[in-house]
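Grab your viewer and a coffee, and work through these exercises at your own pace. Each one sets a task and then walks through a solution.

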Amino acid sequence: MRTLILSAEDDTGGVAIALAKALNQHTDWEARECHRTQNYIDYPTDILWAPGTPRPAELDYLFREADVIHVMERWDAVDHFPDWRRKPLVMHHHGTIFRELNTGPLIQSVREFRAYGIVATIDLTLIDPTLEWLPNPCDIERMRKIRSEFFGPHDVLRVAHSPTNRALKGTDRFILDVEKAGLIADVIEWTNWETCLRRKASADLFYDQFHCGYGLSGIEAMAMGIPVIGGAYDQRILHLIMSRFGNLPFLLANPDNLGAWLEFMKDPVNRKESSEVGTRFVEQYHDEAKVARQLVTIYERAMAMR
C-alpha cells in the first residue's frame with residue numbers, strides 16, 4: 001500500500017517527513033512526502049516542488065499510485081492534481097490555520113469531501129471532537145543518542161527554550177525569571193533543526209510554552225530525558241490532558257509561578273523525577289513506531305469511506 005503526503009508550503013514541524021520515515025521503517029506501507037517551500041529550520045526533505053516550477057513527473061506517478069492522499073492543513077496542497085477528490089483523503093490539521101484562520105470551512109470541507117480528519121495536537125479536538133488525535137512522531141532513540149553526545153554537567157543549570165514566536169511562547173518572561181533564578185537561558189532562535197537539537201540536548205531543563213500545553217520541541221526534550229516546563233492558558237486543555245492521560249507530562253507553569261518552578265528544579269532529585277514522567281509519556285504516546293501503526297489504521301478508515 002502507498003501514501004503520498006502533501007503540504008502546500010513548508011512541512012509544518014517536519015511532521016510530514018517524520019511520518020513518512022516512520023511508515024517506511026515500521027509498517028508495510030510505502031510513503032512519500034512533498035512540500036513546496038523550505039524555511040530556515042531545514043527539516044529533512046523527500047520531494048521539494050518549488051513554486052513557479054513545473055510539477056515533477058515523479059509526483060504524477062506517485063499520486064496516481066497512492067492508495068491514500070494525506071493532506072497537511074490546506075486543500076491547495078492537493079488541488080494541483082486531477083480528480084483528487086476521488087482518492088481516499090486524510091486531512092491533517094496542525095495549528096493556527098485550523099484553530100483560528102479557516103476553522104469552519106475546513107470542518108465543512110472534510111465532511112463534504114468524505115475525508116478522514118485528524119489533528120496533530122490534542123487540544124484541537126476541543127474544536128471538533130469527531131477528529132482523531134495522531135500524536136506527532138518522535139525518533140526516541142535518535143534523541144537519546146544526541147543527548148548522550150552533547151550533554152555534560154554544568155556548574156550553573158542551563159535552561160533551553162526554542163520559540164518560533166516570542167510573544168506566543170512567553171519568551172520575555174522566561175528570560176527574566178531564569179536570570180532572577182541565577183540560571184543560564186539558552187534561547188534557540190533562527191537556527192536549523194540539527195543545531196537546535198544539539199543545543200537542546202546540552203540543557204538541564206527545557207521551557208516549552210504557556211500557550212497550549214506542550215509542542216514538538218517539548219516532545220524532543222522529553223525524549224532526551226530533559227525535564228519540561230509548560231502550561232496552557234485555556235484550562236480546558238489541561239483538563240483534557242489530565243482526563244486522557246491521568247497526569248501532565250510537564251511541570252505546569254504560568255507567568256506567576258515559573259520562577260518558583262525554576263527554583264524547585266535546582267534539586268537534581270526533582271529533575272530526575274520530572275524527566276522520568278516525560279520519558280514514560282513520550283514512549284507511550286509519541287514513539288514513531290506506535291504512531292505509524294495508528295496512522296495505518298487511519299488510512300484504512302479513509303479508504304473505507306470511499
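**Exercise 1. Sort the faces of helix α2: which residues are exposed on the face turned away from its buried side, and which are buried?**

Step 1. Keep in mind that this is a predicted model. The face of α2 turned away from the buried side carries Ala-57 and Arg-64, which are exposed.

Step 2. Now flip to the other side. In α2, residues 57-65, the buried ones are Leu-59, Leu-62 and Phe-63.

Step 3. Look down the helix axis. The buried residues of α2 fit within an arc of 100°, so they line one face of the helix.

**Exercise 2. Work out how strand β5 sits among its neighbours: which strands pair with it, and how many bridges join them?**

Step 1. Start with β4, residues 68-72. This strand runs parallel to β5, and four bridges join the two. To find your place, pick His-70, which stands opposite Val-90 in β5.

Step 2. Move on to β6, residues 116-119. Its pairing with β5 is parallel as well, over four bridges. Here the bridge partner of His-92 is Ile-118 in β6.

Step 3. Check which way the side chains of β5 go. Leu-89, Met-91 and His-93 point one way, Val-90 and His-92 point the other way, and all of them are buried.

Step 4. Put the burial count together. Five of the five residues in β5 (89-93) are buried, so the strand is largely enclosed by the rest of the structure.

**Exercise 3. Track down the salt bridges: how many are there, and what does the Glu-9 and Arg-74 pair tie together?**

Step 1. A quick reminder: side chains of opposite charge can pair when their charged atoms come close. With a cut-off of 4 Å between nitrogen and carboxyl oxygen, the count is 25 salt bridges.

Step 2. Take Glu-9 and Arg-74, whose side chains meet at 3.3 Å, N to O. Glu-9 is in the loop between β1 (2-7) and α1 (15-26), and Arg-74 is in the loop between β4 and β5, so the pair ties together parts that are 65 residues apart in sequence. Glu-9 is partly exposed at 43% relative accessible area, and Arg-74 is also partly exposed, at 24%.

Step 3. Next up is Asp-186 with Arg-199, where the closest N and O atoms are 2.5 Å apart. Asp-186 belongs to strand β9 (184-187) and Arg-199 to helix α8 (193-201), 13 residues apart. Asp-186 is buried, with a relative accessible area of 9%, while Arg-199 counts as partly exposed at 28%.

Step 4. For a bridge inside one helix, try Glu-276 and Lys-272, which meet at 2.5 Å, N to O. They are four residues apart in α12 (268-285), about one helical turn. Glu-276 is partly exposed, at 31% relative accessibility.

Step 5. Finish with a network: salt bridges link Arg-2, Glu-30 and Glu-65.

**Exercise 4. Hunt for empty space: how many cavities of 30 Å³ or more are there, and what lines them?**

Step 1. The idea is simple: rolling a probe the size of a water molecule over the atoms shows where empty space is left. Two cavities of 30 Å³ or more turn up.

Step 2. Go to the largest cavity, with a volume of about 90 Å³. Among its lining residues are Ala-120, Asp-123, Trp-133, Cys-212, Tyr-214 and His-286. The lining splits into eight nonpolar, three polar and one charged.

Step 3. The second largest cavity holds about 40 Å³. It is lined by Leu-6, Ser-7, Cys-34, Arg-36, Trp-49, Ala-77 and Phe-81, of which five are nonpolar, one polar and one charged.

**Exercise 5. Describe the second largest pocket: what is its volume, and which element gives the most to its lining?**

Step 1. Its volume is about 390 Å³. The lining has 22 residues, with Gly-14, Ile-17, Ala-18, Lys-21 and Trp-193 nearest the centre.

Step 2. Ask which elements give two or more residues: α1, α5 (140-150) and α9 (216-223). The top contributor is α1, with six residues.

Step 3. Sort the pocket lining by character, and you get 13 nonpolar, three polar and six charged residues.

Notes
Residues are numbered from 1 along each chain as its sequence is written. This is a predicted model: local features need pLDDT of at least 70, side-chain atom pairs count only at pLDDT 80 or more; totals for chains, interfaces and linings use all residues. Side-chain values use heavy atoms; hydrogens and water are left out. Buried means under 20% relative accessible area, exposed over 50%, partly exposed in between (1.4 Å probe, protein chains only). Two strands pair if DSSP finds at least two bridges between them. On a 1 Å grid over the protein atoms alone, a cavity is a set of points where a 1.4 Å probe fits but cannot get out, and a pocket is an open set with protein on both sides within 12 Å along at least five of seven lines; lining residues have an atom within 4 Å of a point. Grid points are joined across faces, edges and corners, and a volume is the space filled by probe spheres set on the points. Ala, Val, Leu, Ile, Met, Phe, Trp, Tyr, Cys and Pro count as nonpolar, Asp, Glu, Lys and Arg as charged, and the others, Gly among them, as polar. The arc is that of the directions from the helix axis to the C-beta atoms.
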